[in-house]
Amino acid sequence: MQRGGLYTSKPPIAEHAIDVSGGHTLHVVEYGVAMGTTVVYLHGGPGGGIPEDAHRLFDPAEHRVILFDQRGCGRYKCADRLRENDTQALVEDVETIRVELGIEQWFVMGSSYGSLLAALYAARHPSRVQGCLLHGVFLGSRAELAWLYEGGAAAFYPEGWLHLEAALGGRTLPADRQGE
């Protein structure tokens, strides 16, 4: 393990383009060793992508790490990125990847929005999950959504908030949040 708690970066052992519903094609990357303990990492978002160093969280000599860009993110492909792009479809994409790669069971790690996907996947496919690790947990509660989309995030990411408001046609903060 290198300084900072991350393992040394190694090149991928495989890359795949996996077709899922709605005309979407996922970009899937494998790191580590093919016969290692398998872990699928579900990134945050929606709209994010595979974090550059996500594979370095796992020992490449012991783990087979599966990473993928979710619908609408990173290097995935589709003519209409919003068609059939919802939480249920993303959860089923995880199962499609498991089946396509011939994996019987795996550990599921989710970060931020990926923690919601991981929890839902484990609940819907418990016989396929050896364990879950949730990081920066976001479970989509009303309070979490309100904080994220109704101004709470503006305090930490003011420039990003301005871009979001512009994309939404100039929508402003609710009256009770003005001046924060």
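How many bridges join strand β3 to β4, and in which direction do the two strands run relative to each other? In this predicted model, 5 bridges join β3 (residues 37-42) to β4, and the two strands run parallel. Within that pairing, Thr-37 stands opposite His-63 of β4.

**The sheet**

Strand β3 also pairs with β5: 4 bridges join them, and they too run parallel. Val-39 of β3 is placed opposite Phe-107 in β5. Of the 6 residues in β3, 5 are buried, so this strand is largely enclosed by the rest of the structure. In general terms, the strands of a sheet pair through backbone hydrogen bonds, in either a parallel or an antiparallel manner.

The strands belong to an open sheet of 6, arranged in the order β1-β2-β4-β3-β5-β6, and the pairing is mixed. Its edges are formed by β1 (14-19) and β6 (129-135), each of which pairs on one side only. On average, neighbouring strands of the sheet are turned by 20° against each other, with direction ignored.

Two helices pack on this sheet. Helix α1 touches β1, β2 (25-32), β3, β4 and β5, and its direction makes about 125° with that of β1. Helix α2 touches β3, β5 and β6, and its direction makes about 145° with that of β5.

**The contact between α1 and α2**

A pair of packed helices is described by the angle between their axes and by the distance between those axes. Here the axes of α1 and α2 come within 9 Å and cross at roughly 65°. Because angles of 65 to 115 degrees count as roughly perpendicular, α1 is described as roughly perpendicular to α2. The crossing of α1 past α2 is right-handed.

On the α1 side, the contact comprises Thr-87, Gln-88, Leu-90, Val-91, Val-94, Glu-95 and Arg-98, which meet Tyr-113, Leu-117, Leu-120, Tyr-121 and Arg-124 of α2. Sorted by class, the residues of this contact are 7 nonpolar, 2 polar and 3 charged.

**Loop residues**

Which loop residues other than glycine have a positive phi? Glu-84 has a phi near 45°, and Ser-112 has a positive phi of about 60°. The table sets out the location and accessibility of these residues together with those of Ala-155.

| Residue | Loop | Relative accessibility | Class |
|---|---|---|---|
| Glu-84 | between β4 (63-69) and α1 (87-100) | 44% | partly exposed |
| Ser-112 | between β5 (106-111) and α2 (113-124) | 29% | partly exposed |
| Ala-155 | between α3 (142-149) and α4 (158-167) | 63% | exposed |

The class of each residue follows from its accessibility, because buried means under 20% relative accessible area and exposed means over 50%, with partly exposed in between. Glu-84, at 44%, is therefore partly exposed, and Ser-112, at 29%, is likewise partly exposed. Ala-155, at 63%, counts as exposed.

How far apart in space are Ala-155 and Tyr-31? Their C-alpha atoms are separated by 37 Å, and the two residues lie 124 residues apart in sequence.

Conventions:
Residues are numbered from 1 along each chain as its sequence is written. This is a predicted model: local features need pLDDT of at least 70, side-chain atom pairs count only at pLDDT 80 or more; totals for chains, interfaces and linings use all residues. Side-chain values use heavy atoms; hydrogens and water are left out. Buried means under 20% relative accessible area, exposed over 50%, partly exposed in between (1.4 Å probe, protein chains only). Two strands pair if DSSP finds at least two bridges between them. Axes are lines fitted to C-alpha atoms, for helices over the stretch in contact, and angles run from 0 to 180 degrees between N-to-C directions. Contact means heavy atoms within 4.5 Å. Angles under 35 degrees count as roughly parallel, over 145 as roughly antiparallel, 65 to 115 as roughly perpendicular and the rest as oblique. A crossing is left-handed if the near helix is turned anticlockwise from the far one by less than a right angle, and right-handed if clockwise. Ala, Val, Leu, Ile, Met, Phe, Trp, Tyr, Cys and Pro count as nonpolar, Asp, Glu, Lys and Arg as charged, and the others, Gly among them, as polar.
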